[in-house]
Amino acid sequence: MGKAAVLVPSSCGRLASDSHHWSLSAPAFRSHTMSEPLREASGPALPLLSPPANSDTHKGWLHKWTNYLKGYQRRWFVLSNGLLSYYRTQAEMGHTCRGTINLATTHIDIEDSCTFVLSDSGRTYHLKASSEVERQHWVTALELAKSKAIRMMNNQSDDSGDEEPTSQSDKSELHTTLRTLASKLDDLSQCNELISKHGAALQRSLSELENLKLPDESGEKIKTVNERATLFRITSNAMINACRDFLDLAETHSRKWQRALQYEREQRIRLEETIEQLAKQHNSLERACRGAPALPTSSTEVSSASKARVRHVKGETSDEDEETEYFDAMENAPEFITVTTDPTKHRRTGSNISGTSSDQTETWNLDDHVFECQHQASFSASTRGEAKPYRKRRNQIPDKPNYSINLWSIMKNCIGKELSKIPMPVNFNEPLSMLQRLTEDLEYHELLDKAARCENPAEQMCYVAAFSVSSYSTTTHRIAKPFNPLLGETFELDRLEESGFRSLCEQVSHHPPAAAHHVYSKYGWTLWQEITVASKFRGKYLSIMPLGAIHLQFNSGGHHYMWRKVTSTVHNIIVGKLWIDQSGEIEIINNQTKDKCQLKFSPYSYFSRECARKVTGVVTDSEGRATYILSGTWDEKMEFAKVVESSQDGTSCEGKQKTVYQTLPPKMLWRKYALPENAENMYYFSELALTLNEMESGTAPTDSRLRPDQRLMENGDWEEANVEKQRLEEKQRAVRRLREAEAATAAEEGSEYEPYQPVWFEKKEDPISGEDMFVYKGGYWECKDTQDWKMCPDIF
């Protein structure tokens, strides 16, 4: 069963952290247990009980059943005021209550000589004493407390007006306060009597002085002192009377205040229970959504009602908690409207045609069918469904250990800093480096294989756009941080025989961290990129902003595409369940034909009716006319539809007109592969990700597969991995300090000092963007054939 953390206001401080547990039908666990709601340990609004031995409380150690992993755990229990509360230690009594049960509605059941069970409608406590005598003492105290609690509840009056407070403990506290006030009032009365007595004596003495024959000046002064003494006595009497009036007023209004306080406490308890039930229902909806059957592959088979249901369910899974970053609902409003047209009934009318000819309309289905047949015949060996791997790859890694750590203790002093400068333990990582995550962009390389066969540049653009979106599909559940590569670290992925491509990554800069990537495919395309990741921790979410351009060139036709990535946001860093969102826009440009594709990643909005993780796009030609419409989600699928007509909508939203596109029925461009079995215990890795850290023979000594801390983490040795990670980072810092010292020495001597240069990449000016970027200079695969790695640095 899923476990939900529910935030409720409580004087106990933190949430109760005892694990949920379930009761079996065995005699020792007869009552079904549920999650324990948080209760306040101070100020309970319940009847006052008198535990045995004429004491106000009954305290002691008991063993409480938590779950089947931890079993019975030692806890400090306190029976007071009709409540049984427990704490992990005695020191927690002042600030952190772990749970409380009301004895007035609790059933007490004795299981064996040392075990007894307390259960009410919402909770069950399985408790074990150290001996039968101790158990009997607790049971006796609990039974007495229960009987008195029930009796006090039955004796309470329901009359309005002057009814007594419903909480006997509050009544006792009130009486104590009133007794204290009365005692202070008695003290003031005694002081008043003394003041009156001594004041009268003083006045008598002053009167006697007045009767003496003294100079006139002295007589006047004595008379003035006598008047002041009289005023002092009057003032003290007035003060005593005011105190008495205040006490009477407090007694008059105390019952009204106590009734209002009791009502607020009952409302709070009901709110806690309601929130807990909502959290359980939310978990049930999440499990139901994860277990729902897959959607139909053809979009034309999905009815509008079913689409609405899908949107609703996806919205439920994205709504996590109060820490969610909300956006304005209007930001998700589409900038255009798509209307699907029957190609057999479509007739071109008007002068606002998008430029698509009727011949193209009539041959949409035929052209697409021919393209699919050609691709299937040419790439039957490279498609996923019929792939014949050159070697058998692994399909599993060791399960992720269940280690817990307090993220806030690490991140609270790092707000606003670069993530790359924060020393993070491997507990927040996944056993892959950033270079390997960058290589995961090739998960759906078949899209580029298809694009290389397209003769229509606009259709080729659609496949390139789908490829750019597919790279985000692996981030749906992947909220762990990859390892920061060391300077000079490399990663190769040689799948030339299996999939037709070779990939090489190298960490070319450490501050700022930058990685260069180059991919060659024998199916007619080449991809290269340099990515610099800028990240900021904002307290409750983390923004990751990839910087740098991605270049893709096809041999046939010489089409050169360029685009940049969008911003990724990790929400609920401190409280709640982590989830990731992609937002922003991608503009893909064909630098030869000047065709463009504008993709919009809609940020998640609680108020939006659209499906979560939505992506929409328009492909336009060099003259700005729309040719294709793209739609889908970055975590599931993308579709494209040919535009046959476009017009301006007469209606407007906030003064903005929208373009209406009439399209042919959409076709599937890309659909995400299903995750492997047991993926939730393997960091939610895809089939490709599971093979990235698999040992390969003949790789460079700087390859990420040889990184020791990453290998230790994958094997489950996280403590050793943390030690090794610190060693590698300190080694890298020592090399950097040495390089800085050499540069300073060279500057003092007036000689030139050559800074660090990557081994396999060199910096050149990009002729298209005009920016300096690292591009592959060749030689790696030749060195691998000869196993000549003497130029590689010693980084591990």
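Start by selecting threonine 439: in this predicted model it is buried, with a relative accessible area of 0%. Threonine 439 belongs to helix H8, residues 434-439. Show what surrounds the side chain and backbone here: beyond the neighbours within four places in sequence, threonine 439 is in contact with Phe491, Leu493, Ser503, Cys505 and His517.

**Zoom out for a moment**

Colour the whole protein by secondary structure, and you will be looking at 14 helices and 27 strands. If you then colour by burial, 46% of the 796 residues count as buried. Many of the contacts link distant parts of the sequence: among contacts with a separation of 6 or more, residues 24 or more positions apart make up 62%.

**Helix H9**

Next, select residues 446-453, which form helix H9. How many of the eight residues of this helix are buried? Six are, so H9 is largely enclosed by the rest of the structure. To see them, pick Glu446, Leu447, Leu448, Asp449, Ala451 and Ala452. Notice that Glu446 and Asp449 are on that buried list alongside the leucines and alanines.

**The nonpolar cores**

Nonpolar side chains in soluble globular proteins tend to be buried together. The largest nonpolar core in this model has 67 residues. To find your way in, show Trp525, Leu552, Trp563, Ile588, Leu599, Phe601 and Leu630, the residues with the most contacts inside this core. Helix H10 gives the most to this core, with nine residues.

Now centre the view on tryptophan 563. Which residues is tryptophan 563 in contact with, leaving aside its neighbours within four places in sequence? They are Val464, Phe467, Ser468, Gly548, Ala549, Ile550, Leu552, Ile586, Glu587 and Ile588.

For a second stop of this kind, select Phe77, Leu79, Trp138 and Ala141: they are among the 18 residues of a second, separate core.

**The cavities**

Rolling a probe the size of a water molecule over the atoms shows where empty space is left. In this model there are four cavities of 30 Å³ or more.

The largest cavity has a volume of about 120 Å³. Of the 15 residues that line this cavity, select Ser473, Thr474, Lys672, Leu675 and Ser686, which lie nearest its centre. Colour the lining by class and you get an even split: five nonpolar, five polar and five charged residues.

The second largest cavity, with a volume of about 70 Å³, brings you back to tryptophan 563. Its lining consists of Asp441, Phe467, Ser468, Ser471, Tyr472, Leu527, Gln529, Ile550, Trp563, Lys565 and Ile586. Helix H10 (457-470) and strand E14 (525-537) are the elements that each give two or more residues to this lining. By class, the lining of the second largest cavity has six nonpolar, three polar and two charged residues.

**Helix H13**

Select residues 718-749 to bring up helix H13, which has 32 residues. Measure from its first C-alpha to its last and you should find 47 Å, close to the 46 Å expected at 1.5 Å a residue. Which residues of H13 are buried? Trp718, Ala721, Asn722, Glu724, Lys725, Leu728, Gln732 and Ala746 are. Add strand E9 (429-433), strand E10 (481-483) and helix H12 (708-714) to the display, as the buried residues of H13 pack against these elements. Right after H13 comes glycine 750, with a positive phi near 80°.

**Backbone details to finish**

Most residues other than glycine have a negative phi, and most peptide bonds are trans. The last three stops are exceptions worth a look.

- Histidine 511 and proline 512: a cis peptide bond joins these residues, with omega about 0°. Look for proline 512 in the loop between strand E12 (501-509) and strand E13 (514-521).
- Arginine 613: phi is positive here, near 60°. This arginine sits in the loop between strand E20 (596-601) and strand E21 (614-620). Is arginine 613 buried or exposed? With a relative accessible area of 15%, arginine 613 falls under the 20% cut-off and is buried.
- Glutamine 787: phi is again positive, near 55°. Find glutamine 787 in the segment after helix H14 (780-786), where this residue is partly exposed, with a relative accessible area of 42%.

Technical notes. Residues are numbered from 1 along each chain as its sequence is written. Side-chain values use heavy atoms; hydrogens and water are left out. On a 1 Å grid over the protein atoms alone, a cavity is a set of points where a 1.4 Å probe fits but cannot get out, and a pocket is an open set with protein on both sides within 12 Å along at least five of seven lines; lining residues have an atom within 4 Å of a point. Grid points are joined across faces, edges and corners, and a volume is the space filled by probe spheres set on the points. Ala, Val, Leu, Ile, Met, Phe, Trp, Tyr, Cys and Pro count as nonpolar, Asp, Glu, Lys and Arg as charged, and the others, Gly among them, as polar. Helices (H or I, at least four residues) and strands (E, at least two) are DSSP runs, numbered from the N terminus. Buried means under 20% relative accessible area, exposed over 50%, partly exposed in between (1.4 Å probe, protein chains only). A nonpolar core is a set of buried Ala, Val, Leu, Ile, Met, Phe, Trp, Tyr and Cys residues joined through side-chain atoms within 4.5 Å. Contact means heavy atoms within 4.5 Å. The expected span of a helix is 1.5 Å times one less than its number of residues.
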